[in-house]
Amino acid sequence: MFLRQHPLASLGVRASDHASLRSGRVAAADSSRKRSSRGWSLVSADSPAANHDRRIAVWCPDWPVTTARIEAGLSVEAPVAVVTANRVVACSHAARTAGVRRGQRRREAQAACPSLAVLPRDERAEALVFEPVVAALEEIAPGVEITRPGLAAIGVRGPSRYFGGETGVLHALSRGIAELPLIAEGGETGVLAALSRGIAEIPVISEQGTADVGAEVLIGIADGAFAAEQAARRGVIVEPGGSPAFLRDLPIETLDPSGASGLIDLLRRLGVRTLGAFAGLPPRDVLARFGPEGAWAHRQAGGRDERPVSGRRPPVEFTVTLDLEPPVDRVDTVAFSARGTAEQFVGDLAAHGLACTCLELQVLSENGEETVRRWRHAGVLSTVDVLDRVRWQLEGWLSGNHRPTGGVIRLSLVPIEAVPTGAHQQALWGGSGAEDERAARALARVQTLLGHGSVLTPVLDGGRDPGQRTRLVPWGDEPTPLRSPEQPWPGQLPAPAPSVLLDPPRPAQLLDAARRPVVVTDRGAMPSPPALFGLGTDLTAVSSWAGPWPVDEQWWSPDSARRVVRCQIVDVRGRAYLVTGTMSPDPSWQVDAIYD
């Protein structure tokens, strides 16, 4: 027979060895050997034959609670529940002690624990806080597989060869993760809150399914991803080949702890209560009865998950930096030196099927002065385009009023927006848009010489008046509206919109048949309709008019309150105007826009 023995099983790890394991100084105990009829034969768990699909899972308990607690600044002992859609998705140990459970409604959880701190879930913050843990794992083994923030796995085969076995990998994990710093409450640096228990003693589950008594841990080793996750949740090391025995007595709900799977409910109603009972069913019958989902769950329950570790790929860094030594104070010298940097910048993006449309150019002087500017292109930036923008920005900086006191020592090109290669459209009438390119170069040149706000482009904004719906932004900036034009705006001027906006509005006369100013009452009524209209002293007869439309905006704020009335006027010459007046006994009128 073959004796498969895990290194930590022979180490005899117990609670008293906790500190030694964390420091990597656990003394090895004598391992027993069994003699078979063919003689002595040992197959180590660290051998390649035994760990081809073994993996180490690192589990951070209650990670949503940990992240939310750090963001809210609560203590570790505080009862905390994280809620999504009015239901508890995670809770702390103190909350569970008080009776709070996952899946409870918010009101039920607060009734069970009146002092419960209810916090919303922030999955972005969970991933952000978990990133240092993943980075620490990647220092030990490349290709970390992240199931979700708080749970990650690495393959055993490569790291065990490098560190001399699974024991060495565990020691490296204990040093790399347990000492990971994080800014804790009060602004002091401390051990990561979710890993405060560290890498504790690890019990070993044998092929017979027995386990030594140990404390709660954050690491588990087993064959397959599902078994490794369950081992991490229980803080055990499963011997090679022992995953089916380890999973056999676990409840069927282990396949889906959320309880949202219809398969689990069906299996429970059919009398299948454990993973072992489900794994004992014939695979062909499971596939025919439950489909692909049931077949996948059947393999998981039997510990037959042979899927390799699907590690994440580190993000590609496209930022290119040029260091100049000695410092350079001439534009042409910097631009000549930056040619190779620009070619590398464009080439790196092209190698990944990307092209840059918005570039951030950072320039640093030897005395610490810095200029940062973003350059947007109507198409995609080529090497020549990048060099042009380097030259333009340096000309404006080195010869402007706020010129640096020293030469340039560093130049960085940072891609802000990129599109797939070939995704940029040509001009509507065909061609490559050479005219647009020349116009863009001219505008960028003017902007460099006269200032960033010297060239403006209009952006459609949200509002009620035509003046509120138009906003000017510097050319090259992202044309993002401050207020969404798609939202409903009660009292908005109906279509069609005027073609010419007067800035500032021009005073006007709007008179009735008796040549008196047209008055609009507080109720929005117009006792005497308009008969004459004019800009200045030249009056013209009114052929038609529409309105009035009262506008009462921000009445709750005296500083920004606005109470006016709008009218549309058409004179006998066929010209149409948008006029605005005050609602008072002595009104004043002005022309805001003209219709063509």
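The expected span of a helix is 1.5 Å times one less than its number of residues. Keep that rule in mind for the first view of this predicted model.

**View 1. Helix H16, from end to end.** Helix H16 covers residues 383-398. With 16 residues at 1.5 Å a residue, H16 should span 22 Å, and the C-alpha atoms at its ends are indeed 22 Å apart, so expectation and model agree.

**View 2. The surroundings of H16.** Of the 16 residues in H16, 12 are buried, so this helix is largely enclosed by the rest of the structure. Among the buried residues you will find Val-386, Leu-387, Val-390, Leu-394 and Leu-398, and also Asp-385, Asp-388 and Arg-389. Two tryptophans of the helix, Trp-392 and Trp-397, are buried as well.

**View 3. Trp-63 meets Phe-130.** The model has four aromatic pairs. In one of them, the ring centres of Trp-63 and Phe-130 lie 5.3 Å apart with their planes at 75°; an angle over 60 degrees counts as edge-to-face, so that is the name for this pair. The pair joins distant parts of the chain, with Trp-63 in helix H3 (residues 63-72) and Phe-130 in helix H6 (residues 123-140), 67 residues apart. Both Trp-63 and Phe-130 are buried.

**View 4. Trp-375 and Trp-392, a tilted pair.** Here we return to H16, where Trp-392 pairs with Trp-375 of strand S16 (residues 370-376), 17 residues away along the chain. Their rings are 6.2 Å apart, centre to centre, and 55° lies between the planes, a tilted arrangement. Trp-375 counts as buried because its relative accessibility is 3%. Trp-392 is buried too, with a relative accessible area of 8%.

Terms used:
Residues numbered from 1 in each chain as written. Predicted model: local features only at pLDDT ≥ 70, side-chain atom pairs only at ≥ 80, totals over all residues. Heavy atoms only, no water. Helix = DSSP H or I, 4+ residues; strand = E, 2+ residues; numbered from the N terminus. Buried < 20%, exposed > 50% of the residue type's maximum accessible area, 1.4 Å probe, protein only. Phe/Tyr/Trp six-rings, centres within 6.5 Å; stacked < 30°, edge-to-face > 60°.
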